[in-house]
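Me: I am new to this structure and would like to go through it in questions and answers. Please keep the replies short and end each on what was asked.

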Amino acid sequence: MASFFSDYGLMWYLEELNKKEFMKFKELLKEDIVQCGLKQIPWTEVKKASREDLANLLVKYYEEKKAWDVTFRIFQKINRKDLSERAAREIAGYTKLYQAHLKKKLTQDWSRKFDFPIQDFVKQKVSQDEYSQFEHLFISKAAEKKPHTVILKGMAGIGKTLTLARLMLAWSEGLIFQNKFSYIFYFCCQEVTQLKTASLTELMSREWPSPSAPIMEIISQPEKLLFIIDSLERLNCDLTEPELELCDNWIEKRPVHILLSSLLRRKILPESSLLITGTLETLDKLEDRIDYTEMKAMLGFDESSRRMCFRDLFPDKNRAQEAFRLVRENEQVFTLCQVPLLCWVLATCLKNEIDKGRDPAPACRRTTSMYTTYILNLLIPKSARSPSKKSQDLLQGLCSLAAEGMWTDRFAFSEEDLRKNGIVSSDIPMLLNIKIFLKSRDFRNFYTFLHPSVQEFCAAVFYLVRNHTDHPSKDVRCIETFLFTFLKKVNVQWILGGCFIFGLLHQSEQEKLEAFFGYQLSQEVKQKLYRCLETVSANEDLQEQVDSMKLFYCLFEMDDEAFAVQVMNFLQQVKFVVKDFSDLMVAAYCLKYCSTLKKLSFSMQDVLHWGAEEMAQREKLLICWQDVCSTLVSSEQVQELQVKDTNLGESAFLVLYNHLKHPSCTPQILEVNNVSFLCNNYMFFELLAQNRNLRYLNLSLTTLSHSDVKLLCEVLNREECNVEKLLLANCSLSEQCWDYLSDVLKQNKTLEHLDISSNDLKDEGLKVLCKPLSLPNSILQTLQLQACELSDACCEDLASTFTHSQTLRAVDLAENALNRSGLAMLCEALQQAVNFVYLSRLRITDFDKETQKFLIAEEEKNPYLIIISEEEVKSDHFRRRNMDVF
């Protein structure tokens, strides 16, 4: 079938008009062009045009979508609604054709993607609840109807792709999105990036049932398109390409990462909707660069599903209960079982251990233990007590292949890739049979490891049994580079690789590997890792780059107290985010060995604000939290403490409070950002008064009531308070707060810097603050008022302050609605303020063209005025320029 929106299609519909109707069509076309302000088509050409000629003229002068819009309007006016309705039916026919094709593809071709036993534990029928959840993803919450961008994030293997398959199947069966989306196109990043270059048209055509897709009809209503971009971590793109490199043409061939980046950043078909999946690490890194309307975390199996997996696998229910109890007692392994496939792997591993008459507990000691036990058992025949030479060589080959894949960012391998790493074609059936390998859904005669974590495990084993210089690929780097890459999160796809290397150094895992390979492993790896971490400790820039939580997991997997003490006492600063109980336990394990920290920064999110379901493990959580907080006392040199993005319940706050009030805990810098204290805030502000060393207090993003600010200001007015820099940006300060802060500016003898940006200060509030700044005893040097709802009305008060203050030397007025008259008043005051240096950071993009010219001229003659250029705003350079002043 030809494209519905071809000029021939237009001609066919014009042929349906009789002579009288066709003449009327031309007359109405002339009127429509004038009324709608369309590009003029010469009337002489229209008047003499045949039906074919007129179709060609319409397509020539207007893009095809607009040509059809004009045609449909005129059909309505000449009472030929039947033609419009026929077109609608024809359009619907394309959708039905595509839905039928997609349903067949999902139910047949996609079955290979999930060809492992975990299918037994996944419900086949889409439930009514799932229908509702799918529909809810694309329901507008705001009044404006902007296109949806929905993000689903979760760890690798959690079931994101399976969820997408079920969503597309429900749509193809007409159960969801019927009035919302005419077409849904699925792009797997791992698959499409193999194409190197493509156009959006080509990518859509790959999904069409026939070679020629009706592209113009498909994109005629872009708001009814849903593009699914699966496995964003495989795109290898940080979405920071310059705007000029992006593509806005769906038929233009471009590098695939540029094409998909253009789609994600709304450069191409911006009216369409997007559904994106990726790992937690990828989306934590990229979410600020994607304008999304909804983000959902996929949690995988809940506890009851995990328990059911064990029950279904074990014939003996008592043994199933015993095995599950072992898993439930190990928070890290239990967390891993959220991933359906890994839950099945662990259950299978424990069942094999029990069937062989062995104690299953050691397999659950750490995450690494589970993988070691599972993989080695797969390669030892059930009838054998030890591995064959063939099995040893196979594991060597698998580890070599895995390492190459990690460094070349590949997860699907050809038979040639296998051969280069010592795996021959005759080995493949056996590897598929024991399910170390799966056939790739995306490429013929390509193979993947059972799960990305299995590939990471095998890559880690490579570094214990081989040297990187022996690898056939020069892409494989040394173990030191592997560790740095892992800890610095250079490659967000490496989730467990570094942890496995440390875990494999535990004595029990060393013994398993030595028994399998038949020789003693080199002990140099441990020393290499030690020297790597020693290098990190000696370099402050490297410490800043290291993901402390990844380091904590490495040390936890190694489970070597002496090594952990040595490494933790290398470190002078740690910064980490706790997302769940497992993270908290691991952080607590490491921090209790720490005594040399100077800077501690952490986020606990909602882990310490428990609901009814967490009450059962409340005591365990508090014990771990106690170990984290004890660092403030055991590391007597802590000079800087930052708590951010944290909800503290009453019990959790009391633990923190008791450590902060300890005589040896006297940080000079305290940052409490976006923190809620579900307790008596008076206790927190009393802590500030007790610490005479405190010089820098940052409460930005933490909501403060007027009573909170009153308590804070009472503390600041005490003689024993030595705070020099106070940041209260974006704290939702109310009108009553300005009087309290005004009193501080009158009485406090140490406060030199005040930041109240992004609060609803307004002109009246600024008037209150300006009064004490003009007094002889005022000591404030820097005042930051960015985005404070200020107008020209405040400029008289500011100008007076400039000319009277003896100390004020920097004011930040960016993102306020100041006009030329007010700015002129301020600039004049600057020239009269001879007793101090004044610098004002005004963003040039905040003003109209005339005011911009005025400011540029003023900056040239006034050394005390800083203007931030448009280029600096875009590059964030204004954040760094003259920051020593602010």
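Me: Which helix lies across β8, β9 and β10?
Reply: In this predicted model, the three strands form an open sheet with antiparallel pairing. The helix in question runs at about 95 degrees to β10 and covers residues 389-408. This is helix α19.

Me: Which are the edge strands of the sheet β8-β10-β9?
Reply: The order of this open sheet is β8-β10-β9. An edge strand here pairs on one side only, and this applies to residues 413-414 and residues 437-439. The edge strands are therefore β8 and β9.

Me: Which residue of β10 stands opposite phenylalanine 437?
Reply: Strand β9 is joined to strand β10, residues 446-449, by 3 bridges. The two strands run antiparallel. Opposite phenylalanine 437 stands phenylalanine 449.

Me: What is the strand order in the open sheet of 5 strands?
Reply: The pairing in this sheet is parallel. β2 (183-188) and β7 (294-297) each have a single partner strand, so one side of each lacks a neighbour in the sheet. The twist from one strand to the next averages 15 degrees. The order is β2-β4-β6-β1-β7.

Me: Which helix packs on this sheet, touching β1, β2, β4 and β6?
Reply: Two of the strands it touches, β4 (residues 225-230) and β6 (residues 273-278), pair in the parallel sense over 4 bridges. The helix spans residues 160-172, and its direction makes about 160 degrees with that of β2. The helix is α8.

Me: How many of the residues of β2 are buried?
Reply: β2 stands at an edge of its sheet, with one side left without a neighbour there. Both of its faces are nevertheless covered: Tyr183, Phe185 and Phe187 are buried on one side, and Ile184, Tyr186 and Cys188 on the other. The strand is largely enclosed by the rest of the structure, because the buried residues number 6 of the 6.

Me: Which residue in β4 is the bridge partner of tyrosine 186?
Reply: β2 and β4 pair in the parallel sense, over 6 bridges. In β4, the partner of tyrosine 186 is isoleucine 228.

Me: Is glutamate 223 buried, partly exposed or exposed?
Reply: Glutamate 223 lies in the loop between α11 (215-218) and β4. Leaving aside neighbours within four places in sequence, glutamate 223 is in contact with Lys180 and Glu271. Its relative accessible area is 43%, and buried means under 20% while exposed means over 50%, so glutamate 223 is partly exposed.

Me: Is isoleucine 756 buried or exposed?
Reply: Isoleucine 756 is in the loop between β17 (753-755) and α37 (762-773). Beyond neighbours within four places in sequence, its contacts include Leu728, Trp738, Leu769 and Cys788. The C-alpha atoms of isoleucine 756 and cysteine 788 are 7.9 Å apart, although the two are 32 residues apart in sequence. With 0% relative accessibility, isoleucine 756 counts as buried.

Me: Which two residues touch the most other members of the largest nonpolar core?
Reply: In soluble globular proteins, nonpolar side chains tend to be buried together. The largest core here has 266 residues. Outside four places in sequence, tryptophan 625 is in contact with residues including Leu584, Phe602, Met604 and Leu656. The two residues are Phe576 and Trp625.

Me: At what angle do helix α39 and helix α40 pack?
Reply: Helix α39 covers residues 820-832 and helix α40 residues 849-861, with their axes 11 Å apart. The contact includes Leu823 and Cys827 of α39 and Phe854 and Leu855 of α40. By class, the contact has 5 nonpolar, 2 polar and 4 charged residues. The helices are roughly parallel, and the angle is about 5 degrees.

Me: What share of the residues in the protein chain is buried?
Reply: The chain has 41 helices and 21 strands. Its C-alpha atoms fill a box of roughly 90 × 90 × 50 Å along the principal axes. Of the 886 residues, the buried share is 55%.

Technical notes
Residues numbered from 1 in each chain as written. Predicted model: local features only at pLDDT ≥ 70, side-chain atom pairs only at ≥ 80, totals over all residues. Heavy atoms only, no water. Axes fitted to C-alpha atoms, helices over the stretch in contact; angles between N-to-C directions. Contact = heavy atoms within 4.5 Å. Parallel < 35°, antiparallel > 145°, perpendicular 65-115°, else oblique. Nonpolar A, V, L, I, M, F, W, Y, C, P; charged D, E, K, R; others polar. Core = buried A, V, L, I, M, F, W, Y, C linked by side-chain atoms within 4.5 Å. Buried < 20%, exposed > 50% of the residue type's maximum accessible area, 1.4 Å probe, protein only.
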